[in-house]
Amino acid sequence: MPEMPEVEILARHLRPLLRGKKIRSASVRRERATRPTPPREFEKAVVGAKLKELTRRGKYLLFEFESRQAGLARTGNAKSGAGTLTVLGHLGMSGRMFVALKNETLPKHAAVIFDLGNRNFVYEDRRYLGRMTLDLSPLRELGPEASDFSPEAFAAALKGSRQAIKIKLLDQSLIAGVGNIYASEALFRARLSPRLAADELTPAQSKTLLRAIGDVLNDAIKFGSTVGLKTMSGKSGGLFYFDDGGEGYYEERLRVYDREGKPCLRCGTRIERITQGARSTYFCPHCQRVR
DNA sequence: CACCATGTTCCTTG
DNA sequence: CCAAGGAACATGGT
């Protein structure tokens, strides 16, 4: 469930469930899951730690723990100041995180489990493209959140690049949090062609695009935190948030993504799918003409 | 078997 | 140094 809105909703869901909880034991069931941190080192570092705060940056989750004793300095956890240990989480394409009752069976691809006493925290990932790690270096490469970007700074960041704007939006060092789905959605909302070169956008167009990105992300968060929660309630005593997408608290919100051949919701023209940077882009050839 | 998938990183080629 | 393209990672759905 991995674009910024899904991560934000997940963070809001998990925060009250995890805050103040102490990790009794930790189990890494896949070598890859904590890369580049070795699994045993990861387990050792988090056992006994109490979660202070859970925050989000781009598509990453930051689990901030109170360190137990001295001895954490050698974990190479750059962010850990005095008394703090931070675990960085990323869901990749197929990761999920949830708090479960202890008698619930673990999913087949459970990658990391924290024993919290009367509950388990589970990170599971079918494709193992995500991770939970002590390596915080990815944070240094992230561009601003959409909400922190001024139109002027965004325009400046696009200058000097002839790359297609759609591909640029996926660059986390330019702007953090936009993924393949919402890149198409934002360009549709801004009525801009995904094939426009980044430096071809006028200041007015880049301003429109930045606003569209913010709107698309905010709408998704708003939708996910209302309909999504309702959809999921009842599962495991309401402890789950993300399950399998349920009945459409997600896809039905999308206006162009995955709608190839279907009529544009604005003008009726057939939506097209093209490949850019080896990934699918969906757009309306009429509403999103290059200008 | 073929192709596709919400992400990131690394490699090659130009 | 940059851009573009592709592969890799690993599993599952259609």
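## Exercises on a predicted model

**Warm-up.** D135 and R131 pair up through their side chains in a salt bridge, at 4.0 Å from N to O. Keep in mind that we're working with a predicted model here.

**Exercise 1. Decide whether R131 is buried or exposed.**

*Solution.* Start with the cut-off: buried means under 20% relative accessible area. R131 has a relative accessible area of 16%, so it goes down as buried.

**Exercise 2. Work out which parts of the chain the salt bridge between D219 and R189 ties together.**

*Solution.* First, check the pair: the side chains of D219 and R189 meet at 3.1 Å, N to O. Next, place the partners. D219 sits in helix 6 and R189 in helix 5 (residues 180–190), so the bridge ties together parts that are 30 residues apart in sequence. Last, look at exposure. D219 is partly exposed, with a relative accessible area of 26%, and R189 is partly exposed too, at 25%.

**Exercise 3. Do the same for R19 and E53, then put the pair in the wider salt-bridge picture.**

*Solution.* The R19 and E53 side chains form a salt bridge at 3.0 Å, N to O. R19 belongs to the loop between helix 1 and strand 1 (25–28), while E53 is in strand 2 (residues 50–57), so parts 34 residues apart in sequence get tied together. For exposure, R19 comes out as partly exposed at 41%, and E53 as partly exposed at 22%. Now zoom out: the structure holds 13 salt bridges. There's also a network of them linking E8, R12, R56, R57 and E145.

**Exercise 4. Find the residues with the most contacts inside the largest nonpolar core, and say which helix gives the most to it.**

*Solution.* The largest nonpolar core has 32 residues, and F63, M97, F114, F121 and M132 have the most contacts inside it. Helix 1 (residues 4–18) gives the most to this core, with 5 residues. Another core, of 30 residues, lies apart from it and includes F149, I181, A183 and L209. Back to F114: skipping residues up to four places away in sequence, F114 touches I23, S25, A26, F42, V46, F65, R119, N120, F121 and M132.

**Exercise 5. Classify the ring pairs F63–F121 and Y257–Y282 by geometry.**

*Solution.* There are 5 aromatic pairs in total. For F63 and F121, the ring centres are 5.8 Å apart and the planes stand at 70 degrees, so this pair is edge-to-face. F63 is in strand 3 (residues 60–66) and F121 in strand 7 (residues 119–125), so the pair ties together parts that are 58 residues apart in sequence. F63 and F121 are both buried. Ring pairs also link F42, F63, F114 and F121 into a cluster.

On to the tyrosines: Y257 and Y282 are edge-to-face as well, at 5.0 Å centre to centre with 70 degrees between the planes. Y257 is in the loop between helix 6 (203–232) and strand 9 (272–276), and Y282 is in strand 10 (residues 279–283), so parts 25 residues apart in sequence are tied together. As for exposure, Y257 is partly exposed at 21%, whereas Y282 is buried at 8%.

**Exercise 6. Describe the surroundings of L61.**

*Solution.* L61 lies in strand 3. With 1% relative accessibility, L61 counts as buried. Leaving out neighbours within four places in sequence, L61 is in contact with V7, L10, A11, L54, T55, V87, L88, G89 and M97. As a distance check, L61 and E8 are 53 residues apart in sequence and 8.5 Å apart in space, C-alpha to C-alpha.

Key: Residues are numbered from 1 along each chain as its sequence is written. Chains are lettered from A and ligands numbered from 1 in the order in which they are written. This is a predicted model: local features need pLDDT of at least 70, side-chain atom pairs count only at pLDDT 80 or more; totals for chains, interfaces and linings use all residues. Side-chain values use heavy atoms; hydrogens and water are left out. A nonpolar core is a set of buried Ala, Val, Leu, Ile, Met, Phe, Trp, Tyr and Cys residues joined through side-chain atoms within 4.5 Å. Buried means under 20% relative accessible area, exposed over 50%, partly exposed in between (1.4 Å probe, protein chains only). Helices (H or I, at least four residues) and strands (E, at least two) are DSSP runs, numbered from the N terminus. Contact means heavy atoms within 4.5 Å. Rings of Phe, Tyr and Trp (its six-membered ring) pair if their centres lie within 6.5 Å; planes under 30 degrees apart count as stacked, over 60 as edge-to-face and the rest as tilted.
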